[in-house]
Amino acid sequence: MATVLAVAAFAAGVTLVVVGAELFAEHLEAASRRLGVSAFALALLLAGAEPEELATTVAASLRNVPAVAFGDVIGANVAMCLVALPVGALVAPLPFGHRVRRYAVLALPLGVVAIVVAWNGRVGRAAGGVLVALYVAYVVTIWLRERQPPALGEVAELREAGAGAPPRRVGRELGLVLVGVAALAIGSIVLVEAIQSISGVESTQTNLSLTLVGFATTLELVVLAWSAARRGVTEAVIAAVVGSFAYNATMSLGAAALARPLAIADAGLLRGPLVVMIAALAAVIALGVPRGRLGRAGGIALLAAYSVFVAYVALR
């Protein structure tokens with residue numbers, strides 16, 4: 001009975017996190033456009049900034065469940081590259097333009113730094129501060145490069161769609177953003193508590209977070225990839241995933257360590273998945289850059305790789 005309740009709590013937590021993230025992103029976007037950032041940078045920074053990941057990792061850190069924090073960051077990044085992008089590619093080819101290539105390649109070293117920092121299963125506050133600083137540098141670089149809107153059709157379409165939306169009251173938008181933040185906070189705590197209730201064993205918590213939690217907190221991005229590709233806003237799909245990868249590898253992990261230093265007893269539980277995480281982004285780049293796009297064949301290959309990853313975590 002206790003397990004059934006824990007599973008129900010997990011589902012409720014995931015629902016709150018996803019709904020909260022949707023409210024947060026949808027209503028923050030209108031205010032963020034007034035900052036003068038291009039539609040491409042907006043997709044990268046806002047869709048890429050993963051409030052559900054940040055809430056989950058910080059909640060796990062504060063509740064002293066570091067296995068969930070590590071597992072969620074790694075599992076979500078793997079799911080973004082091997083599920084979200086392939087889902088979009090199955091709907092329509094995803095273009096790898098010059099800017100996408102630059103941002104994707106820039107995200108690779110951030111992933112490598114995260115691997116080095118987390119390799120021994122420990123991330124202290126000093127290392128967490130370095131990771132957060134690296135994300136700030138990433139954002140500043142994008143901001144400086146994208147002050148002017150890029151001449152890209154898909155992004156122009158995204159910009160026009162937003163420009164046609166009716167104006168809304170600031171108070172209402174701010175209220176909905178705060179509701180989203182509250183739902184994120186409550187949902188992430190419920191999710192972490194559910195994982196603790198299901199198992200107090202560190203290895204089980206890590207494996208559940210690498211698969212179930214990581215995939216669940218990536219659901220919104222999977223839906224975004226499918227809907228954006230279906231509408232032809234294909235470059236925004238890649239921008240969102242690349243931005244999310246960089247955000248999780250730096251900000252989500254770093255903020256969790258700042259809240260409370262992270263440490264697990266068996267660092268070996270993380271090393272294989274950490275290698276898969278960076279390999280997943282490298283595979284996306286390798287499949288997309290030579291032809292200038294990620295097509296259905298590449299999407300199918302990446303989805304198959306995710307099934308292998310899940311089997312590897314489950315059977316080890």
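**View 1. The salt bridge between Arg-63 and Glu-193 in the predicted model**. Glu-193 counts as partly exposed, with a relative accessibility of 24%, and Arg-63 is likewise assigned as partly exposed, its relative accessible area being 45%. In this predicted model, the two side chains form a salt bridge in which the closest N and O atoms are 2.4 Å apart. The pair links distant parts of the chain, since Arg-63 sits in the loop between helix H3 (51-62) and H4 whereas Glu-193 belongs to helix H8 (residues 170-198), with the two positions 130 residues apart in sequence. By the rule applied here, the count of salt bridges comes to 1.

**View 2. Packing of helix H4 against helix H10**. Helix H4 (residues 66-91) and helix H10 (residues 219-230) have axes that come within 7 Å of one another and cross at roughly 20 degrees. Because angles under 35 degrees count as roughly parallel, H4 is described as roughly parallel to H10. The crossing of these two helices, H4 and H10, is right-handed. On the H4 side the contact is made by Met-80, Val-83, Ala-84, Val-87, Gly-88 and Val-91, and on the H10 side by Leu-221, Val-222, Ala-225, Trp-226, Ala-229 and Arg-230. Sorted by class, the contact of H4 with H10 comprises 10 nonpolar, 1 polar and 1 charged residues.

**View 3. The surroundings of Val-222**. Val-222 lies in helix H10 and has a relative accessibility of 14%, so the residue counts as buried. When neighbours within four places in sequence are left aside, Val-222 is in contact with Val-83, Ala-84 and Val-87, and these three residues are among those that H4 contributes to its contact with H10. Val-222 and Gly-88 are separated by 134 residues in sequence, while their C-alpha atoms are 7.9 Å apart in space.

**View 4. Packing of helix H4 against helix H12**. The axes of H4 and H12 come within 9 Å and cross at roughly 30 degrees, an arrangement that makes H4 roughly parallel to H12. H4 passes H12 in a left-handed crossing. From H4, the residues making the contact are Phe-70, Ile-74, Asn-77, Val-78, Cys-81, Leu-82 and Leu-85, and from H12 they are Leu-270, Pro-273, Leu-274, Val-276, Met-277, Ala-280, Leu-281 and Val-284. By class, the residues of the contact of H4 with H12 divide into 14 nonpolar, 1 polar and no charged.

**View 5. Packing of helix H9 against helix H12**. Helix H9 (residues 202-216) and helix H12 (residues 268-288) pack at an angle of about 15 degrees, and their axes are 10 Å apart, so that H9 is roughly parallel to H12. The crossing of H9 and H12 is right-handed. Glu-202, Ser-203, Thr-206 and Leu-210 of H9 make the contact together with Leu-269, Leu-270 and Pro-273 of H12. The contact of H9 with H12 includes 4 nonpolar, 2 polar and 1 charged residues by class. Leu-270 and Pro-273 are also listed among the H12 residues in the contact with H4.

**View 6. The chain around these close-ups**. The chain has 13 helices and 4 strands, and 49% of its 316 residues count as buried. Among contacts in the chain with a separation of 6 or more, 89% are accounted for by residues 24 or more positions apart.

Technical notes
Residues are numbered from 1 along each chain as its sequence is written. This is a predicted model: local features need pLDDT of at least 70, side-chain atom pairs count only at pLDDT 80 or more; totals for chains, interfaces and linings use all residues. Side-chain values use heavy atoms; hydrogens and water are left out. Axes are lines fitted to C-alpha atoms, for helices over the stretch in contact, and angles run from 0 to 180 degrees between N-to-C directions. Angles under 35 degrees count as roughly parallel, over 145 as roughly antiparallel, 65 to 115 as roughly perpendicular and the rest as oblique. A crossing is left-handed if the near helix is turned anticlockwise from the far one by less than a right angle, and right-handed if clockwise. Contact means heavy atoms within 4.5 Å. Ala, Val, Leu, Ile, Met, Phe, Trp, Tyr, Cys and Pro count as nonpolar, Asp, Glu, Lys and Arg as charged, and the others, Gly among them, as polar. A salt bridge is a side-chain nitrogen of Lys or Arg within 4 Å of a carboxyl oxygen of Asp or Glu. Buried means under 20% relative accessible area, exposed over 50%, partly exposed in between (1.4 Å probe, protein chains only).
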